[in-house]
Amino acid sequence: MSTLPAPPESDCVKTKLDVSEDQAEHLKPSFDKRETPEPLSKRQLKKLMRQKQWEDQRELRKQKRKERRQRKKLERQSHLESSSDGHDRKRFRSEAVPSSLRLIVDCSFDNLMASKDIKKLHKQIQRCYAENRRASHPVQYYLTSHGGQLKKIMDENDKGWVNWKDIHIKSEHYSELMKKEDLVYLTSDSPNILKELDESKAYVIGGLVDHNHHKGITYKQASEHGIHHAQLPLGDFVKMNSRKVLAVNHVFEIVLEYLETRDWQEAFFSILPQRKGAVPADKVNSRELASTIAKEEEESDSSAEESPENVRDPTQEGEGQDRANCT
């Protein structure tokens with residue numbers, strides 16, 4: 001049986017093979033070549049600088065809080081040593097004089113926050129609880145509209161919250177629990193300046209960590225509910241290089257400090273974080289300040305806000321702070 005000769009390769013097939021061999025190296029993806037990263041924008045650079053500043057000042061913030069706690073401890077010891085009655089050497093908490101002032105964290109913004117911001121709010125609430133337990137004039141602490149994501153996160157990460165003492169945790173809205181004439185919403189958007197604290201009132205702090213996505217919402221809510229509103233007298237005593245929006249726990253601690261000292265300026269400078277760049281109002285060039293604040297307000301991204309540290313036991317000394325649109 002004769003063997004048939006193989007058919008000759010067509011020109012088109014041969015050309016295709018030749019092209020494949022000649023250009024094989026050129027067609028291979030160049031995995032070794034690194035792409036040049038895009039340059040950072042001005043906003044990204046500022047964000048990185050703020051983050052670095054936050055990290056660099058971590059120890060300074062801790063030292064400041066440690067000094068404040070040490071000062072209060074020395075004051076307590078001095079008070080105990082000056083007393084001749086041995087029964088006065090009990091735990092300082094037994095000597096605390098509770099205030100009748102009600103301080104409410106309004107948790108009705110649960111659906112406006114991402115899970116990570118709910119976790120930040122939880123840590124702020126823990127901080128408020130711990131500070132109130134240590135205060136010489138503890139307030140009547142309320143959490144209202146408690147439920148949803150916040151309750152779920154607290155159940156998962158802090159099951160001991162059900163045993164917290166000296167706190168009123170309610171699922172109802174604050175307007176259902178308090179008389180309308182007693183309520184004052186603390187919001188930085190209010191045109192009213194709070195000069196004194198009325199201990200017969202119930203002051204509301206917006207429990208919202210939103211990075212400026214919902215500007216003015218606490219003021220709007222206060223107006224819609226027809227209740228009084230005011231902002232802390234920050235501008236009368238302090239000038240900052242950022243907007244006058246403070247974290248829930250900052251507002252809470254400022255109120256506690258004022259109840260002890262009856263001095264707004266001392267309260268502000270004892271509590272405000274270093275990154276705010278706070279200086280006494282009478283020691284700043286107003287023109288430079290206006291220019292600085294204008295630049296800050298042009299930036300809508302506020303993601304470099306203060307990040308809370310872990311607070312494992314709210315009754316023990318902890319470090320945890322963050323920001324929320326509340327004053």
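**Exercise 1. Place L272.**
Find where L272 sits in the chain, and state whether L272 is buried or exposed.

*Solution.*
Step 1. L272 is in the loop between α11 (264–271) and β8 (279–280). Helices (H or I, at least four residues) and strands (E, at least two) are DSSP runs, numbered from the N terminus.
Step 2. The relative accessible area of L272 is 4%, and L272 is buried. Buried means under 20% relative accessible area, exposed over 50%, and partly exposed in between (1.4 Å probe, protein chains only).
Step 3. L272 and V251 are 21 residues apart in sequence, and their C-alpha atoms are 9.1 Å apart in space.

Two notes on the model apply throughout. This is a predicted model: local features need pLDDT of at least 70, side-chain atom pairs count only at pLDDT 80 or more, and totals for chains, interfaces and linings use all residues. Residues are numbered from 1 along each chain as its sequence is written, and side-chain values use heavy atoms, with hydrogens and water left out.

**Exercise 2. Read the two sides of α6.**
Say which residues of α6 are buried, and what they pack against.

*Solution.*
Step 1. Helix α6 covers residues 148–157, and L150, I153 and M154 are buried there.
Step 2. Look down the axis of α6: the buried residues fall within an arc of 100 degrees, so they line one face of the helix. The arc is taken from the directions from the helix axis to the C-beta atoms.
Step 3. Recall a general rule. An α-helix has 3.6 residues a turn, so residues three or four places apart point the same way.
Step 4. G148 and K152 are exposed on the other side of α6.
Step 5. The buried residues of α6 pack against α5 (115–134). Contact means heavy atoms within 4.5 Å.

**Exercise 3. Do the same for α8.**
Name the buried residues of α8 and the elements they pack against.

*Solution.*
Step 1. In α8 (residues 217–225), the buried residues are T218, Q221 and A222.
Step 2. Down the axis of α8, these buried residues fall within an arc of 100 degrees, so they line one face of the helix.
Step 3. K220 and E224 are exposed, on the face of α8 turned away from its buried side.
Step 4. The buried residues of α8 pack against β1 (102–106), α7 (174–177), β4 (183–186), β5 (202–206) and β6 (228–230).
Step 5. G226 follows α8, and its phi is positive, near 65 degrees.

**Exercise 4. Sort the ring pairs.**
Count the aromatic pairs, then describe Y129 with W164 and Y174 with Y185.

*Solution.*
Step 1. Rings of Phe, Tyr and Trp (its six-membered ring) pair if their centres lie within 6.5 Å; planes under 30 degrees apart count as stacked, over 60 as edge-to-face and the rest as tilted. This rule gives six aromatic pairs.
Step 2. Y129 and W164 are stacked, at 4.4 Å centre to centre with 10 degrees between the planes.
Step 3. Y129 lies in helix α5 and W164 in the loop between α6 and β3 (167–169), so the pair ties together parts that are 35 residues apart in sequence. Both Y129 and W164 are buried.
Step 4. Y174 and Y185 are edge-to-face, at 5.9 Å centre to centre with 75 degrees between the planes.
Step 5. Y174 is in helix α7 and Y185 in strand β4, so this pair ties together parts eleven residues apart in sequence. Y174 is buried at 0% relative accessibility, and Y185 is buried with a relative accessible area of 0%.
Step 6. Ring pairs also link F237, Y258, W264 and F268 into a cluster.
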